[in-house]
Amino acid sequence: MTKESAKWGCIKNCGACCKLAPEDRNEALNALSVEQQTFYFSLVGEDGWCRFYNKSTKACRIYKDRPDFCHVSNLTKLFNIKSKDINQFAITCCKQQIRHIYGGRSKVMKTFKKHTFS
């Protein structure tokens with residue numbers, strides 16, 4: 001499968017995107033409006049994880065009602081990405097965040113690569 005035909009998909013037992021630590025997420029924060037940034041900061045727990053992320057189950061407790069900036073489909077307008085490029089952009093973002101949180105050789109990274117590229 002080529003990069004162009006790779007399809008992004010969220011994997012279970014990951015949650016890397018829920019690590020909201022502002023010091024590590026400058027690019028994401030800069031893409032948000034002032035109102036969204038304020039809400040983002042209100043979600044950050046003392047440990048840097050989203051306060052709605054359950055670290056035991058590795059799941060979002062408000063998934064159905066999560067903020068608009070948590071929807072991958074909104075990356076196109078947040079980062080001014082063309083719709084045709086969203087899969088590769090999302091894959092790149094996820095790989096960077098997974099590598100940062102769990103490591104490049106982690107089980108989570110291996111699962112993500114298998115899920116995304118197979």
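Does Asp-85 count as exposed, partly exposed or buried, and what is its relative accessibility? At 32% relative accessibility, Asp-85 counts as partly exposed. This report describes a predicted model, and Asp-85 is a convenient place to enter it.

## Salt bridges

Asp-85 pairs with Lys-84, the two side chains meeting in a salt bridge with an N to O distance of 3.2 Å. Lys-84 is exposed, its relative accessible area being 67%. In this pair, then, an exposed lysine meets a partly exposed aspartate.

How many salt bridges does a search of the whole structure find? The search finds two. The other pair joins Lys-55 to Asp-47, and their closest N and O atoms are 2.1 Å apart. Lys-55 has a relative accessible area of 45% and is therefore partly exposed, since the exposed class begins over 50%. Asp-47 is also partly exposed, with a value of 37%.

## Helix α2 and its two sides

Which residues of α2 are buried? They are Gln-36, Tyr-40 and Leu-43. Viewed down the axis of α2, these buried residues fall within an arc of 55°, so they line one face of the helix. The cover over them includes α1 and α3.

The face of α2 turned away from this buried side carries Val-34, Glu-35 and Thr-38, which are exposed. Helix α2 thus presents a buried face and, turned away from it, a face with exposed residues.

## Leu-32, between two helices

Leu-32 lies in the loop that connects α1 (26–31) with α2 (34–43). Is this loop residue buried or exposed? Leu-32 has a relative accessible area of 9%, and it is buried because that value is under 20%.

Leaving aside residues up to four places away in sequence, Leu-32 touches Gln-37, Tyr-40, Phe-69 and Leu-78. Of these, Tyr-40 also appears among the buried residues of α2. Leu-32 and Phe-79 are 47 residues apart along the chain, while their C-alpha atoms are separated by 8.9 Å.

## Helix α4

Helix α4 spans residues 86–102, which makes 17 residues. From its first C-alpha to its last it reaches 23 Å, close to the 24 Å expected at 1.5 Å a residue.

The buried residues in α4 include Ile-86, Phe-89, Ala-90, Ile-91, Gln-97 and Ile-98. After α4 comes Gly-103, which has a positive phi near 105°.

## Positive phi outside glycine

Most residues other than glycine have a negative phi. Against that background, two residues of this model deserve attention.

Lys-58 is not a glycine, yet its phi is positive, at about 55°. It sits in the loop between β1 (53–54) and β2 (59–60). With 31% relative accessibility, Lys-58 counts as partly exposed.

Asn-80 also has a positive phi, near 55°, and is a residue other than glycine. Where is Asn-80 found? It is in the loop between α3 (75–78) and α4. At 71% relative accessibility, Asn-80 counts as exposed.

Key:
Residues are numbered from 1 along each chain as its sequence is written. This is a predicted model: local features need pLDDT of at least 70, side-chain atom pairs count only at pLDDT 80 or more; totals for chains, interfaces and linings use all residues. Side-chain values use heavy atoms; hydrogens and water are left out. A salt bridge is a side-chain nitrogen of Lys or Arg within 4 Å of a carboxyl oxygen of Asp or Glu. Buried means under 20% relative accessible area, exposed over 50%, partly exposed in between (1.4 Å probe, protein chains only). Helices (H or I, at least four residues) and strands (E, at least two) are DSSP runs, numbered from the N terminus. Contact means heavy atoms within 4.5 Å. The expected span of a helix is 1.5 Å times one less than its number of residues. The arc is that of the directions from the helix axis to the C-beta atoms.
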